[in-house]
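Here are some short exercises to work through with the model open beside you. Try each task before you read its solution.

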Amino acid sequence: MKHAISRLLLATSALGLCASAGAETTLRMAHLWPEGSAVNQEIYRAWAEQVEQDSGGELKVEIYPSQTLSKADQAYDATVNGIADIAVTLQGYTAGRFPLTEIVQLPGIVNSASQGACILQTLNEEGDITGEYDDTRVLFLFTTGPAYLHTRDTEIRTPADLEGLRIRRPSEVAGEMLASMGAQPLGMPAPDIFTSLQRGVMDGLSFPWEAMKVFRINELTKYHLQVPYYAGAIVATMSQASYERLSPEMQAVIDENSGMEWAQQAGRVFDELDKAGREEAVAQGDTIHVVADPLNDPDWAEPLNQGTENYLERLEERGLDEARAIYEKAMGLREQCEA
């Protein structure tokens with residue numbers, strides 16, 4: 001009888017362990033930044049650790065950096081299709097899919113990543129762009145700092161200096177502006193830029209200072225023009241199906257780690273990296289020119305303002321009559337969101 005009870009207790013204990021192990025859920029997160037980068041460590045890894053802590057270990061987040069689970073231009077669909085539970089990507093990689101979101105990328109709206117994160121997250125929370133993400137569950141939205149122009153061998157001061165240069169474009173809209181100034185825009189994911197620039201496939205690129213450091217592009221460029229004509233919108237989002245499979249308690253953990261707080265955390269990290277990226281270029285003796293007020297600059301105002309107008313008109317032609325109002329709202333949020 002004693003042995004039978006002991007066997008029963010052991011079996012019950014084993015069943016309990018199995019139930020406990022079965023309760024643990026692993027969420028796969030895909031993104032394009034290098035594993036050792038501050039972006040991965042201070043935003044995505046920090047978010048993962050907070051979720052694991054708040055869930056009492058019931059939720060585990062497995063991070064797949066550097067496009068190892070999904071290519072950057074397929075990352076959003078990876079969450080829709082269940083390949084990834086969570087993805088972080090730039091909306092510019094899927095041109096035309098997030099047209100209202102991409103308004104925030106237009107010249108003159110974003111002066112810093114913190115400001116951009118506040119503007120974009122506010123537009124989402126107030127329902128202006130929410131409909132563009134109906135097929136996933138957005139965790140938080142943010143932006144890079146302003147993207148500038150960086151070249152290997154050609155010094156750029158005015159739009160005329162771009163004539164004939166092969167420049168990596170960060171988005172379709174930014175590419176159109178580059179083309180209007182005589183450049184030859186090239187499209188490619190950020191992780192492929194170093195090799196392309198090294199091999200002479202392109203002459204330069206548009207990147208925020210953060211990315212110049214994270215992707216080691218400062219090593220290959222000598223000239224920089226700080227003309228803030230673009231900022232990259234970024235979304236961290238979750239598969240709706242993955243979210244719905246969680247218990248109400250675990251859904252609450254995800255909800256508590258969504259929204260403005262994490263958008264602002266991401267913005268702060270990108271701001272610090274922007275500073276570090278510029279300092280790196282200065283330290284290696286690069287030439288840096290600054291266009292302080294591009295929308296009123298005698299050389300740059302016309303192509304930048306015309307590029308903005310062209311984009312808004314195109315959205316209106318698609319039936320997105322709210323586009324101009326969202327643009328005006330984003331411009332109005334600049335002061336409120338200034339860091």
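**Exercise 1. Start with Ser 114: is Ser 114 buried or exposed?**

Solution. Ser 114 has a relative accessibility of 13%, so Ser 114 counts as buried (buried is under 20% relative accessible area, exposed over 50%, partly exposed in between, with a 1.4 Å probe and protein chains only). Next, place the residue: Ser 114 belongs to helix H4 (helices are DSSP runs of H or I with at least four residues, strands are E runs of at least two, and both are numbered from the N terminus). Finally, take a distance: from C-alpha to C-alpha, Ser 114 lies 23 Å from Val 282, and 168 residues separate the two in sequence.

Before going on, a word on the conventions. This is a predicted model, in which local features need pLDDT of at least 70 and side-chain atom pairs count only at pLDDT 80 or more, while totals for chains, interfaces and linings use all residues. Residues are numbered from 1 along each chain as its sequence is written, and side-chain values use heavy atoms, with hydrogens and water left out.

**Exercise 2. Describe how H4 and H12 pack.**

Solution. Begin with the geometry: the axes of H4 (residues 113-125) and H12 (residues 323-337) come within 9 Å and cross at roughly 130°. Here axes are lines fitted to C-alpha atoms, for helices over the stretch in contact, and angles run from 0 to 180 degrees between N-to-C directions. H4 and H12 are therefore oblique to each other (under 35 degrees is roughly parallel, over 145 roughly antiparallel, 65 to 115 roughly perpendicular, and the rest oblique).

Then list the partners. Gln 115, Cys 118, Ile 119, Thr 122 and Leu 123 of H4 meet Ile 326, Lys 329, Ala 330, Leu 333, Arg 334 and Cys 337 of H12. Sorted by class, the residues of this contact are seven nonpolar, two polar and two charged (Ala, Val, Leu, Ile, Met, Phe, Trp, Tyr, Cys and Pro count as nonpolar, Asp, Glu, Lys and Arg as charged, and the others, Gly among them, as polar).

**Exercise 3. Now do the same for H11 and H12.**

Solution. H11 (residues 301-317) packs on H12 at an angle of about 140°, with the axes 9 Å apart. H11 and H12 are therefore oblique to each other. From H11 the contact draws on Thr 308, Glu 309, Leu 312, Glu 313, Leu 315 and Glu 316, and from H12 on Ala 323, Arg 324 and Tyr 327. By class, that gives four nonpolar, one polar and four charged residues.

**Exercise 4. Which residues is Thr 144 in contact with, leaving aside its neighbours within four places in sequence?**

Solution. First locate Thr 144, which sits in strand E4 (residues 137-151). Thr 144 is buried, with a relative accessible area of 5%. Its contacts (heavy atoms within 4.5 Å) are Val 110, Ala 113, Pro 208, Glu 210, Ala 231, Gly 232, Ile 234 and Phe 270.

**Exercise 5. Compare the settings of Ser 66 and Gln 67.**

Solution. Ser 66 is in the loop between strand E2 (59-64) and helix H3 (75-80), and Gln 67 is in the loop between E2 and H3 too. Although not a glycine, Ser 66 has a positive phi of about 55°; for Gln 67, phi is positive as well, near 65°. Now check exposure: Ser 66 is partly exposed at 37% relative accessible area, whereas Gln 67 is buried at 12%.
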